[in-house]
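Notebook open, structure loaded. I want to jot down what I look up as I go, beginning with a single residue and moving on to surface and pockets.

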Amino acid sequence: MRWKIAVDSAEQGVWDHDLVTGERYYSATWRAMRGLGPDDPPPADAEQWLARVHPDDRDRVALELQRSLAGDLEHVSLEYRERHEAGGWIWSLRRGKPVAHDSAGRPTRFIGTDTGVSDLKSRELEFEALSRRLEMALSTSTVGVWETDLTSGEALWDARTAELFGLPPRATAVPPGTWENLVPPEDRARTLEICAEGLATARGYACDYRIKLPNGVIRHVRCRAAIVTVAGVGEKIIGVNWDVSQDLEQAEALRNAKQLAEARSRDLEAAHQRMEHASLHDSLTGLPYRLYLDNALAAFVEKGDTNLVLLHIDLDRFKHINDTKGHEAGAALLVHVAALLRRKVGANDIVSRISGDEF
């Protein structure tokens with residue numbers, strides 16, 4: 001009675017197959033697992049039972065059955081899907097063993113249990129699917145995962161982390177100091193300080209640092225790490241690393257391109273100002289042309305400013321100077337007069353050369 005209560009409470013269905021007499025026994029729990037009532041006929045033989053097995057599992061289960069009947073297995077242990085009377089499939093874990101043999105040593109009777117594992121199998125399949133998605137995400141993103149036991153200091157790297165650091169993958173713990181020795185001395189103190197602070201506050205850490213590969217190549221690495229408590233193990237720090245060298249190179253290239261564009265923009269603006277200045281100013285005297293003066297006078301009119309004095313000056317006998325002393329002497333005289341007029345006016349006044357010797 002104690003054995004029956006224990007088996008029923010564990011939701012294990014008991015089965016007993018006598019291959020000599022053909023008698024088959026199935027407990028009430030075994031029937032309930034499959035949606036069979038007390039009066040519903042169970043499978044009468046192995047063929048009928050196999051017909052209830054999921055097509056994807058049938059060949060594997062048939063091979064296991066064949067090996068069991070041949071006496072090749074001391075124990076029967078397999079997971080498979082079986083059709084439920086209400087529709088759909090249930091996962092069952094079958095365990096059993098032969099309890100009687102004929103004179104040739106072939107099994108003649110099997111007894112065992114079936115345990116419903118549909119919920120467990122569903123979670124297992126979900127976990128496998130999640131693991132595959134995670135593995136695919138990590139492989140496509142080239143992110144490496146690592147962990148360190150905070151009690152023993154033992155560190156484990158996955159293959160991508162080892163590849164990131166330019167080292168061959170290993171299934172065992174990474175020797176102490178391996179990672180620290182890859183960080184250049186000029187970056188090591190700052191990087192270790194960030195890690196130590198994250199561990200001290202139990203908040204984990206995030207940092208960017210450089211590593212020097214065994215072949216001398218410098219690589220920029222970004223790291224994110226968190227502290228987790230694993231039941232029965234203790235505290236671990238689990239983190240991810242990925243190569244950001246290309247990102248930083250692109251960012252640097254963009255910064256350089258921006259600086260170059262800004263410099264070119266400044267040059268263009270300066271050139272524009274020079275061109276504008278040249279279009280409005282006399283190259284000989286540096287004074288504004290007539291157009292500049294016209295614009296200034298228009299601005300006065302627009303503002304309604306009447307406080308204005310306008311003087312029109314020309315040089316007597318300027319043509320005689322050009323004819324007797326030459327054009328260079330005339331040009332020198334114009335430059336001298338322009339400088340003289342600049343000195344004689346205020347900061348807000350305008351001196352303009354409008355043509356020839358006219359100011």
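Entry 1. I started with T113, which sits in strand β5, residues 107-116. Note to self: this is a predicted model.

Buried or exposed, I asked of T113? I got a relative accessibility of 17%, and the cut-off for buried is under 20%, so T113 counts as buried.

Then I pulled the contacts of T113, leaving out residues up to four places away in sequence. I found Q12, G13, V14 and W15 on the list, along with L93, R94 and R95.

Entry 2. Next I went looking for pockets. The largest pocket came out at about 580 Å³. I count 22 residues in its lining, and those closest to the centre are V309, L310, L311, I350 and V351. Which elements give two or more residues to that lining? I got α10 and α12, the latter spanning 327-344. The most comes from α10, which puts in 5 residues.

Entry 3. L311 caught my eye in that pocket list, so I looked it up separately. I located L311 in the loop between α10 (290-303) and α11 (318-325). Its relative accessible area is 64%, and exposed starts at over 50%, so I logged L311 as exposed.

Entry 4. Last, I checked the surface for nonpolar patches. I found one of about 320 Å², made by V309, L311 and I313. Cross-reference for myself: V309 and L311 from this patch are also among the residues closest to the centre of the largest pocket.

Methods. Residues numbered from 1 in each chain as written. Predicted model: local features only at pLDDT ≥ 70, side-chain atom pairs only at ≥ 80, totals over all residues. Heavy atoms only, no water. Patch = residues over 30% accessible without salt bridge, like charges linked within 9 Å, V, L, I, M, F, W, Y side chains within 5 Å. Areas by Shrake-Rupley, 256 points an atom, 1.4 Å probe, with all protein chains shown as cover. Salt bridge = Lys/Arg side-chain N within 4 Å of Asp/Glu carboxyl O. Helix = DSSP H or I, 4+ residues; strand = E, 2+ residues; numbered from the N terminus. Buried < 20%, exposed > 50% of the residue type's maximum accessible area, 1.4 Å probe, protein only. Contact = heavy atoms within 4.5 Å. 1 Å grid on protein atoms, 1.4 Å probe; cavity = no way out; pocket = protein on both sides within 12 Å on 5 of 7 lines; lining within 4 Å. Points joined across faces, edges and corners; volume = space filled by probe spheres on them.
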